[in-house]
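This report covers empty space and ring contacts in one chain. The model is shown below.

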Amino acid sequence: MKLEKNVLKAMNEQVNKELFSSYLYLSMSAYCESEGFPGCAKWLKVQSEEENDHGMKIYHFIHERGGRVELEAIDKPKTDFKNLSQLFAQVLEHEQKISASITALYETAIKANDYPTQIMLQWFITEQVEEEKNAHEIVDLLKKVGDSPVSLMMFDRQLGARVGK
Ligand code: OFO
């Protein structure tokens with residue numbers, strides 16, 4: 001069963017969105033590193049790598065289904081942030097947008113009666129629940145941390161414990 005035109009187009013767009021997510025989180029990681037938050041920088045770098053994996057997961061799936069990946073330009077990500085609270089609020093907002101995009105893609109696959117794509121996307125739907133939960137927890141934690149340098153240092157250490165690949 002070949003990918004329908006609509007589905008293929010939306011899948012290619014999703015590859016771009018995942019790669020942009022990777023680029024955005026790398027940009028956030030660079031900001032944290034230069035601001036003296038190595039733990040947050042590590043957390044975001046691991047997140048950036050995960051996003052690249054997500055993009056590649058769809059990329060391989062398109063080819064497995066006999067479709068053609070067409071890469072588009074990746075937008076310039078934001079490079080400056082007010083503080084950690086603003087940065088992580090933007091992570092949460094971004095993940096919510098990605099969840100909406102995955103849901104729309106899933107609906108496109110339903111309309112096309114494309115069951116393999118629906119099954120593949122179920123992994124992403126579950127993943128988005130996790131991603132939004134993680135971002136929510138960090139935003140809530142930062143509200144408790146406030147501006148105290150000692151608390152921010154402890155918060156940074158906690159995020160730095162995230163294990164990558
Ligand atoms: Fe790809 O999960 Fe976040 O955006």
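In this predicted model, the charged end of Arg162 sits over the ring of Trp43, with 4.5 Å to the ring centre. A second contact of this kind involves Lys57, whose charged end sits over the ring of Trp123 at 4.0 Å from its centre.

**Pocket**

Trp43 and Arg162 also appear together in the lining of the largest pocket, along with Asn134, Glu137, Ile138, Leu141, Gln158 and Leu159. The volume of this pocket is about 160 Å³. Helix H4 (115-145) and helix H5 (149-160) each contribute at least two lining residues, and the largest share, four residues, is that of H4. Sorted by class, the pocket lining holds four nonpolar, two polar and two charged residues.

**Cavity**

How many cavities of 30 Å³ or more does the structure hold? There is one. The volume of the largest cavity is about 40 Å³, and its lining consists of Tyr25, Trp43, Gln47, Val91, Glu95, Glu131, Asn134 and Ala135. Helix H2 (38-64), helix H3 (84-111) and H4 each give two or more residues to this lining. H4 gives the most, with three residues. By class, the cavity lining has four nonpolar, two polar and two charged residues.

H4, which contributes to both linings, has 31 residues and spans 45 Å from first to last C-alpha, close to the 45 Å expected at 1.5 Å a residue. Just after H4, Gly146 has a positive phi of about 65 degrees.

**Aromatic pairs**

The count of aromatic pairs comes to four. Two of them are listed here.

| Pair | Centre to centre | Angle between planes | Type |
|---|---|---|---|
| Trp43 and Phe88 | 5.8 Å | 75 degrees | edge-to-face |
| Phe88 and Phe155 | 6.3 Å | 85 degrees | edge-to-face |

The planes of Trp43 and Phe88 are at 75 degrees, so the pair is classed as edge-to-face, the cut-off being over 60 degrees. This pair links distant parts of the chain, with Trp43 in helix H2 and Phe88 in helix H3, 45 residues apart. The pair of Phe88 and Phe155 does likewise: Phe88 lies in helix H3 and Phe155 in helix H5, 67 residues apart.

Are these rings buried or exposed? Trp43 is buried, at a relative accessible area of 9%. Phe88 is buried as well, at 0%, and Phe155 is also buried. Ring pairs join Trp43, Phe88 and Phe155 into a cluster. Trp43 thus belongs to this cluster, lines the largest pocket and lines the largest cavity.

Notes:
Residues are numbered from 1 along each chain as its sequence is written. This is a predicted model: local features need pLDDT of at least 70, side-chain atom pairs count only at pLDDT 80 or more; totals for chains, interfaces and linings use all residues. Side-chain values use heavy atoms; hydrogens and water are left out. On a 1 Å grid over the protein atoms alone, a cavity is a set of points where a 1.4 Å probe fits but cannot get out, and a pocket is an open set with protein on both sides within 12 Å along at least five of seven lines; lining residues have an atom within 4 Å of a point. Grid points are joined across faces, edges and corners, and a volume is the space filled by probe spheres set on the points. Ala, Val, Leu, Ile, Met, Phe, Trp, Tyr, Cys and Pro count as nonpolar, Asp, Glu, Lys and Arg as charged, and the others, Gly among them, as polar. The expected span of a helix is 1.5 Å times one less than its number of residues. Rings of Phe, Tyr and Trp (its six-membered ring) pair if their centres lie within 6.5 Å; planes under 30 degrees apart count as stacked, over 60 as edge-to-face and the rest as tilted. Buried means under 20% relative accessible area, exposed over 50%, partly exposed in between (1.4 Å probe, protein chains only). A charge sits over a ring if NZ of Lys or CZ of Arg is within 6 Å of the ring centre and within 35 degrees of the ring normal.
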